[in-house]
Every structure is written in structure tokens, then in C-alpha cells.
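Q: Could you choose one part of this model and take me through it slowly, explaining each term as it comes up? I am in my first year, so I would rather have one connected account than a list.

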Amino acid sequence: MAKILGIGNVVLDIVLTVPHHPLEDEEIRATQKQTTSGGNASNSLHVLTQLGHQTALCATLAADGEAKQLLSNLRARKIDTQHIQTFIKGRTPTSFITLNAQNGHRTIVHFRDLPELSFEHFAKIEIEEYDWLHFEGRNLDNLSGMLNIAKTFLSHQPISLEVEKPREGIEALFPQVNLIIFSHHYAKAKGFIDGQSLLNAIKKTVKHANLVCTWGAKGVWYSTPNDSVHHLPAEPVMPIVDTLGAGDTFNAGLIDGLVKEMSLSQAVTHANSLAAKKCRQPGLDNLLLDNHATPLANIKQLSNAKTLVTPAKDGAPSVVLIKFDDTVKAYENNCPHQNVPLNEAFKIDVNPFEKTLKCSVHEAFLI
Ligand code: FRU
């Protein structure tokens, strides 16, 4: 478990699920409305907390009612809010998001008039207390100073920088950090056709950082300082339910992997599957719960005191299901004495009064 400080945004996300992406002048009806907290750094910390880390957010908040909601959401997610800077001027930054139910793609209209985090506020944080600092590549007026402080006061803690969009002067910051995560939006805006060409160009001037470039369905490119650029294809996701925050989840997975001393290649693979998992579910809550387990059978297939043997599939063993009144029990279909299926010799004998089963091979009871 590591202590991770995220420096970036927390935003109010108003997410409308729509049957298709609206056209200009069209009026359509959303099937769902959800109000939640978003923002890249805030989302990444939400995932990192679920991965077992202690996280803190350094961001700005307005003084309105929505800001109170964001603050309580962050606290409910167990993200430390002591480094939040509050402004009287400006309103809660808000993203109006349509989520296309057909393909899980999100379209964001973002409103922001809130001042950016000040250098003075950041300078007061005891950053040495943290094991990792993760910066969103925004607020360029102050970011350079913040990175200078981080470089001066930190001895061994890695610093990561997310480069989502092109911003004037951001390239000057690249030599200051240990890990740079580029998005395809940045790469495309700079005229690159894939992550390979972007990272090869960056490697000419940035000699000491791990570099990663994510490209949605095209996968991820990555490179350590002493190695060439490698590519990892995206994990197939069918159906894609919700891509909102998939990039932020990837960043969290990458930091988690590197904190746990994985190689860059292992950490990218870990991050890739976490991002794919995110795309299979709505929102970012309960990301680590295995809520996509395949059912063994439908309860309607089971009759009282009769066994149902499911076949072995995808590496999972054959299972014997038995229903006694309102209880269903499941046994691995394997006799631990003879190491053969329980129904190897004949069908499994059921005693409905004792509520027991008998292995067909050597008649041992299962209770
Ligand atoms: C997703 C996200 C949203 C937010 C938007 C802009 O990556 O962080 O939660 O509204 O991007 O910050």
C-alpha cells in the first residue's frame, strides 16, 4: 500500500445515457441520468483507493452547494481532502456527458470558470510524506513551479504526468518527471498516427522517463529509457458498456503496478485489463468486485433432490449442483479419494431424506 497524492481536478459529472449520439437540432430522451464526481485525478484516485492505496487529492473547489456534494463524495470514497483549495470566485466545474448506449462511448461538454490551483497552496504540502505524486498535465502557469518543488524536495518518490491534450509549454516539463502518460488526443494533435511514432519522437529529447501512450481500441505503446517502443493490443471488450474514466482507470492501474514493483511491461498489461474491466461496467464504483461471473445454471433448471452436473468450461471445473427445498449446494465434480468425477461409474445417488449425495465410484457421502 502506498500514499499517493493526485494533483488535478474534481468535477461534477452529469451523465445522460442516450440511445444514440444526438445530432444538431435533434431532441432525444435520455434513459438514465446520473450525477457523480469525476475529473481525471479524482477518478484515478478513486480507483487507486479501491486497489488498497491511501490517496489524497490536491484540487480546487468552489464554495457552492455542488462543491459540498463533491467533497462528501470524495470523503465517501476515502480520498483525503485536506489539500483541497477553495475559491469564493467561480462555480463548480461541470461536465455534461452523453453516454451512447449503443457503444458505451462518451461525449463531454465541459464548463469551467473556477480558478486553478495556486503554486502557493501546493508549496505548503508536505509532499515528502507521499510515495508517489501524480499530476494532470494542465494549469501550465503553475505546473512548472510545482514540479520544480517536487524535484527539489523528493529524493526517491516517482512523479507521473498525464498528458491528455496539447498545451503550450507542456513539453518543457517532460524531463522533470519519471513517467509520462500520453493520450491519443495529444498524439493526433501533434500529427502522429500512432503511439510508436509519438514515443520514438519523444525519446529523442526525454531520456530518463518511462513513456506510455494509450490509443483506445488500438492498444497501448510503451517504452523504458533503455528500450525500444513496444505495443500491447487492447483487451477485447464485448459489449462496451461505459468508457467514461477508462483512461483514468488505466493511469491508476499503471501507478499501482509500478508501486508494486512490476516491470513497465507488466504494469501496462495490468493497467490495460483494469481499463477493459472498467469499460464492461457502468461507473467506477466496485471496480474490483467480480460482478461479471458467469452463472453455472438457471435456478429453474434445478428440481428438488435431483443433481445437475455442469460441464468443465474455460478452465473452470465441472460442478454438481443439488437443490434441497430452498437451498442449493455446489460441489466440484471430483472424488478427492479416487480423483475421478463423482458420476464416473453411474449417476450420483441422492438421499432426499438425509439430504446427502453418494459418490458413484466408492460410495462416500457428501453432505
Ligand atoms: C473522464 C473525466 C470526467 C470529467 C472529464 C473532464 O476522464 O475525468 O470524469 O468530467 O474527464 O475532466
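A: Let us look at Asp325, which is found in the loop between strand S17 (319-324) and strand S18 (327-332). This is a predicted model, in which local features need pLDDT of at least 70 and side-chain atom pairs count only at pLDDT 80 or more, while totals for chains, interfaces and linings use all residues. Residues are numbered from 1 along each chain as its sequence is written, and side-chain values use heavy atoms, with hydrogens and water left out. The strand names refer to DSSP runs numbered from the N terminus, where a strand (E) has at least two residues and a helix (H or I) at least four.

Asp325 is not a glycine, yet its phi is positive, at about 55°. With a relative accessibility of 42%, Asp325 counts as partly exposed, a class that lies between buried (under 20% relative accessible area) and exposed (over 50%), computed with a 1.4 Å probe on protein chains only.

The two strands on either side of this loop, S17 and S18, run antiparallel and are joined by six bridges; two strands are said to pair if DSSP finds at least two bridges between them. Within this pairing, Val319 stands opposite Glu332 in S18.

Stepping back to the sheet, we find that it is open and has three strands in the order S16-S17-S18, with antiparallel pairing. Strand S16 (307-310) and S18 stand at the edges with a single partner strand each, so one side of each is left without a neighbour in the sheet. On average, neighbouring strands of this sheet are turned by 20° against each other, with direction ignored; the axes behind such a value are lines fitted to C-alpha atoms (for helices, over the stretch in contact), and angles run from 0 to 180 degrees between N-to-C directions.

To set the loop residue in context, it helps to consider Asp25, which is not a glycine either and has a positive phi of about 75°. Asp25 lies in the loop between S2 and S3. Asp25 is exposed, with a relative accessible area of 82%, whereas Asp325 is partly exposed at 42%. A positive phi, near 65°, is also found at Lys78, which follows helix H2.
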